[in-house]
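Reader: I am new to this structure. Could you take me through it in short steps?

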Amino acid sequence: PVGIAVVDADGCNGSHVYKAPSPTSGPSWSSDGTRLVFETQAHLEIINVDGSNPTNLTGVWGSGYKPDWSPQGGKIAYVRKGGDVWGLYVINDDGSNAVKLTSVEGSIGRSSWSPDGSKIAYQSGGDIYVLNSDGTNIVMLTDNSGKINARDANPFWSPDGPYIAFDRSRDTDPGGWDIYVMKPDGSNQVQITSGSSAVNPDWGQ
């Protein structure tokens with residue numbers, strides 16, 4: 001069945017805590033580990049970790065994708081689509097005060113908060129950007145202009161702050177992906193995997 005499952009870090013004690021009528025994706029933990037936010041039927045849903053108290057956070061179809069809960073709790077970054085325009089938003093975790101940080105004609109992908117909650121890294125088009133959590137000071141961290149197949153995606157900030165992991169498609173090998181890390185200013189980009197088609201990096205605690 002489709003939905004959300006939770007398992008211990010060693011792979012034991014798995015349980016299917018939320019059954020959905022359509023596929024779900026992108027679960028993100030609350031900072032205290034008691035709740036999950038995820039995408040289902042093109043909106044955001046919050047549940048307790050045991051599956052209880054499901055709450056529609058963003059409302060209608062198309063109102064929420066790719067959530068990421070802030071490290072301090074209280075706010076969730078997510079993507080919303082309106083026509084051909086995609087926007088990066090932040091909303092309180094009670095569903096109030098949705099604020100658009102930036103928008104583009106084209107896709108916006110996964111986002112990731114800095115550990116102190118002051119910045120958000122995100123994917124737009126084929127590159128990684130970072131902005132302040134109030135939407136100011138947008139900075140491009142990677143630049144694939146002029147490269148036919150190269151694309152960067154899925155940034156994920158390290159828990160201690162000095163690195164952002166992301167995946168990169170190889171310009172010379174369409175469909176091939178590797179994991180990279182870089183500093184939050186875009187410098188020191190280092191390839192971590194090689195030829196493995198690795199995507200969606202995540203950091204251990």
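Reader: Which residue in the turn of the β8 and β9 hairpin has a positive phi?

Author: This is a predicted model. In it, β8 and β9 pair in the antiparallel sense over eight bridges. Two residues sit between these strands in the hairpin. The one in the turn with a positive phi, about 65 degrees, is Gly83.

Reader: What is the bridge partner of Tyr78 in β9?

Author: Strand β8 covers residues 75–82 and β9 covers 85–92. The two strands are antiparallel. Across the bridge from Tyr78, in β9, is Tyr89.

Reader: How many bridges join β9 to β10?

Author: β10 spans residues 99–105 and runs antiparallel to β9. One bridge pair is Val90 with Val99 in β10. The number of bridges between the two strands is six.

Reader: Which residue takes a positive phi in the hairpin of β9 and β10?

Author: This hairpin has six residues between its strands. A phi near 90 degrees is found there. The residue is Gly95.

Reader: How many of the residues of β9 are buried?

Author: A residue counts as buried under 20% relative accessible area. By that cut-off β9 is mostly covered. Of its eight residues, the number buried is seven.

Reader: Which element gives the most to the largest nonpolar core?

Author: The core has 14 residues. Elements that give two or more are β8, β9, β11, β12 and β13. The top contribution is three residues, and the strand that gives them is β9.

Reader: Which residues have the most contacts inside that core?

Author: One of them has a long contact list even without its neighbours within four places in sequence: Leu88 is in contact with residues including Tyr78, Val99, Ile108, Tyr122 and Leu131. Ile120 is also among the contacts of Leu88. The two with the most contacts inside the core are Leu88 and Ile120.

Reader: What is the order of the strands in the open sheet of four?

Author: The pairing in this sheet is antiparallel. Its edge strands are β11 (108–113) and β14 (139–140), each pairing on one side only. The full order is β11-β12-β13-β14.

Reader: Which residue in β12 stands opposite Ser112?

Author: β11 pairs with β12, residues 119–124, in the antiparallel sense. Four bridges link the two strands. Opposite Ser112 stands Ala121.

Reader: Is Ser124 buried or exposed?

Author: Ser124 lies in strand β12. Beyond residues up to four places away in sequence, Ser124 touches Val104, Ser107, Ile108 and Tyr129. Its relative accessible area is 11%. The cut-off for burial is under 20%, so Ser124 is buried.

Reader: What is phi of Asn137 near?

Author: Asn137 is in the loop between β13 and β14. Most residues other than glycine have a negative phi. Asn137 is not a glycine, yet its phi is positive, near 60 degrees.

Reader: Where is Asn53, which also has a positive phi, found?

Author: Phi of Asn53 is about 55 degrees, although the residue is not a glycine. Pro54 lies in the loop between β5 and β6. Asn53 is likewise found in the loop between β5 (43–48) and β6 (55–56).

Reader: What is the relative accessible area of Pro54?

Author: Leaving aside neighbours within four places in sequence, Pro54 is in contact with Tyr18, Glu45, Ile46 and Ile47. Partly exposed means between 20% and 50%. Pro54 is partly exposed, at 46%.

Reader: Which element gives the largest share of the lining of the largest pocket?

Author: The largest pocket has a volume of about 930 Å³. It is lined by 33 residues, with Ser28, Trp29, Asp68, Phe156 and Asp202 nearest its centre. Elements that give two or more include β1, β4, β7 and β15. The largest share, five residues, comes from β3.

Reader: How many of the lining residues are charged?

Author: The lining divides into three classes. Nonpolar residues number 15 and polar residues 13. The charged residues number five.

Reader: What is the bridge partner of Phe156 in β16?

Author: Five of the seven residues of β15 are buried, so this strand is largely enclosed by the rest of the structure. β15 pairs with β16, residues 164–170, in the antiparallel sense over five bridges. In β16, the partner of Phe156 is Ala165.

Technical notes: Residues numbered from 1 in each chain as written. Predicted model: local features only at pLDDT ≥ 70, side-chain atom pairs only at ≥ 80, totals over all residues. Heavy atoms only, no water. Pairing = 2+ DSSP bridges. Core = buried A, V, L, I, M, F, W, Y, C linked by side-chain atoms within 4.5 Å. Buried < 20%, exposed > 50% of the residue type's maximum accessible area, 1.4 Å probe, protein only. Contact = heavy atoms within 4.5 Å. 1 Å grid on protein atoms, 1.4 Å probe; cavity = no way out; pocket = protein on both sides within 12 Å on 5 of 7 lines; lining within 4 Å. Points joined across faces, edges and corners; volume = space filled by probe spheres on them. Nonpolar A, V, L, I, M, F, W, Y, C, P; charged D, E, K, R; others polar.
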